[in-house]
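Please work through the exercises below with the sequence and the structure side by side, and try each task before you read its solution.

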Amino acid sequence: MRSRSNAALFWPVLSIVLAFDVITKAIAERELLRGIPQEVFGSTVRLRLVYNPGAAFGLDLGPQSRWIFAALTIVALVILGRLYRSTAAGHSARAAALALVCAGAVGNLIDRVRSFFGVVDFIDIGVGDARWPTFNVADMAVSVGAGLLAWVLWQEDQSAQAASAMSPVVVPASASGGEPGDLV
């Protein structure tokens with residue numbers, strides 16, 4: 001089902017995003033002091049090193065959060081792998097979406113495995129005290145990829161519904177009064 005054309009997009013996107021995530025996190029850990037914001041565009045965009053032992057938006061399941069979320073990530077990657085394998089040849093939007101989500105998932109999984117502290121987050125956006133939870137490149141990849149994947153899957157569903165609505169309906173002879181297999 002999958003083709004070289006999908007692989008030619010999927011693997012480079014995954015590799016580039018994952019490398020960018022790993023590199024930016026390493027720079028953040030080397031250059032930023034934990035919890036001390038560094039303004040980039042005034043106080044609206046700041047860099048601030050924090051570690052998230054839980055999941056998105058600080059969701060924490062206690063001392064074992066790191067391993068629970070690592071296991072959930074692996075399950076998600078298996079599901080994403082199956083979606084990739086079922087992707088039709090040349091379906092570049094779906095392949096790109098899956099690559100983005102996988103890259104982000106792997107990037108944050110690497111942090112969970114390598115560090116007791118958790119996932120490295122460093123991008124801090126907001127106005128005054130109204131701040132979005134601190135995030136990283138992997139989080140952006142997962143968010144953009146998931147949004148694109150939802151749109152792609154919705155489009156596929158719409159196409160399938162339209163195709164089924166246009167196909168002829170075969171009615172049994174007793175219901176139509178005609179011959180078996182007549183089209184209505």
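The exercises that follow concern one helix and the nonpolar cores of a predicted model.

**Exercise 1.** Determine which residues of α2 are buried and on which side of the helix they lie.

*Solution.* Begin with the helix itself: α2 runs over residues 65-85, and its 21 residues reach 30 Å from the first C-alpha to the last, close to the 30 Å expected at 1.5 Å a residue. Next, look for the residues with under 20% relative accessible area, and you will find that Ser65, Arg66, Phe69, Ala70, Thr73, Leu80 and Tyr84 are buried in α2. These buried residues cover an arc of only 115 degrees around the axis, which puts them on the same side of α2. Recall that an α-helix has 3.6 residues a turn, so residues three or four places apart point the same way. Then turn to the other side of α2, where Arg82 and Arg85 are exposed. Finally, ask what covers the buried residues of α2: the cover includes α1 (4-31), α3 (92-114) and α4 (137-166).

**Exercise 2.** Describe the largest nonpolar core and say which helix gives the most to it.

*Solution.* The largest nonpolar core has 15 residues, of which Phe10, Leu14, Val17, Leu80, Leu98, Cys102 and Leu149 touch the most other members. Each of α1, α2, α3 and α4 supplies at least two residues of this core, and α3 gives the most, with 7 residues.

**Exercise 3.** List the contacts of Phe10, leaving out residues up to four places away in sequence, and then look for a second core.

*Solution.* With those neighbours not counted, Phe10 touches Tyr84, Ala95, Leu98, Ala99 and Cys102. A second, separate core has 9 residues, among them Ala28, Leu32, Val120 and Phe122.

Definitions and conventions:
Residues numbered from 1 in each chain as written. Predicted model: local features only at pLDDT ≥ 70, side-chain atom pairs only at ≥ 80, totals over all residues. Heavy atoms only, no water. Helix = DSSP H or I, 4+ residues; strand = E, 2+ residues; numbered from the N terminus. Expected span 1.5 Å × (residues − 1). Buried < 20%, exposed > 50% of the residue type's maximum accessible area, 1.4 Å probe, protein only. Arc of directions from axis to C-beta. Contact = heavy atoms within 4.5 Å. Core = buried A, V, L, I, M, F, W, Y, C linked by side-chain atoms within 4.5 Å.
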